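Visitor: I'd like to learn how to read a structure like this one. Could you walk me through it?

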Amino acid sequence: MSKKSKAGKVLAVGLIAGIVALLVAVWKASKPIEDPWENEPEPAQPQQPVESREASVEEIREIIEDDK
């Protein structure tokens with residue numbers, strides 16, 4: 001095998017690898033980017049104090065009586 005044909009093959013393989021790498025880079029750059037701030041969650045609401053969540057016995061009796 002002569003030096004010219006070996007150098008030509010190496011050059012051809014390098015050129016093909018470069019083209020493939022370029023095509024992969026273009027393909028990755030063309031994909032849409034997902035915006036992480038597009039679907040932001042609702043801000044957290046503070047919890048109510050325990051006293052405001054508890055019902056008195058009278059309130060529970062009224063609820064039960066209303067359901068009857």
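Guide: Let's go from the overall fold to the surface patches. Keep in mind that this is a predicted model.

Visitor: Okay, how many helices and strands are there in the chain?

Guide: Start with a count of the elements, then read their order. Here the chain has 3 helices and 0 strands, and along the sequence they give the pattern α-α-α.

Visitor: What share of the 68 residues is buried?

Guide: For that, you look at relative accessible area, where buried means under 20%. In this chain, buried residues account for 0% of the 68 residues. The accessible surface adds up to about 7200 Å², and carbon and sulfur atoms hold 62% of that.

Visitor: Which residues form the nonpolar patch on the surface?

Guide: A residue needs over 30% relative accessible area to join a patch. The nonpolar patch here consists of I16, V20, V24 and W27, which together have about 400 Å² of accessible area. Take V24, which sits in helix α1, residues 3-30. V24 can belong because its relative accessibility is 38%, over the 30% cut-off.

Visitor: And which residues gather in the patch of negative charge?

Guide: Here, like charges are joined within 9 Å. On the surface of this model, E58, E59, E62, E65, D66 and D67 come together as a negative patch. One of them, E59, is part of helix α3, which covers residues 57-67.

Visitor: Is E59 buried, partly exposed or exposed?

Guide: Partly exposed, since the relative accessible area of E59 is 41%, and the partly exposed class runs between 20% and 50%.

Methods: Residues are numbered from 1 along each chain as its sequence is written. This is a predicted model: local features need pLDDT of at least 70, side-chain atom pairs count only at pLDDT 80 or more; totals for chains, interfaces and linings use all residues. Side-chain values use heavy atoms; hydrogens and water are left out. Patches are made of residues with over 30% relative accessible area and no salt bridge: like charges are joined within 9 Å, nonpolar side chains (Val, Leu, Ile, Met, Phe, Trp, Tyr) within 5 Å. Accessible areas come from the Shrake-Rupley method with a 1.4 Å probe; for residues, only the protein chains shown count as cover. A salt bridge is a side-chain nitrogen of Lys or Arg within 4 Å of a carboxyl oxygen of Asp or Glu. Lys and Arg count as positive and Asp and Glu as negative; His and the chain ends are not counted. The place of a charge is taken as NZ of Lys, CZ of Arg, CG of Asp or CD of Glu. Helices (H or I, at least four residues) and strands (E, at least two) are DSSP runs, numbered from the N terminus. Buried means under 20% relative accessible area, exposed over 50%, partly exposed in between (1.4 Å probe, protein chains only).
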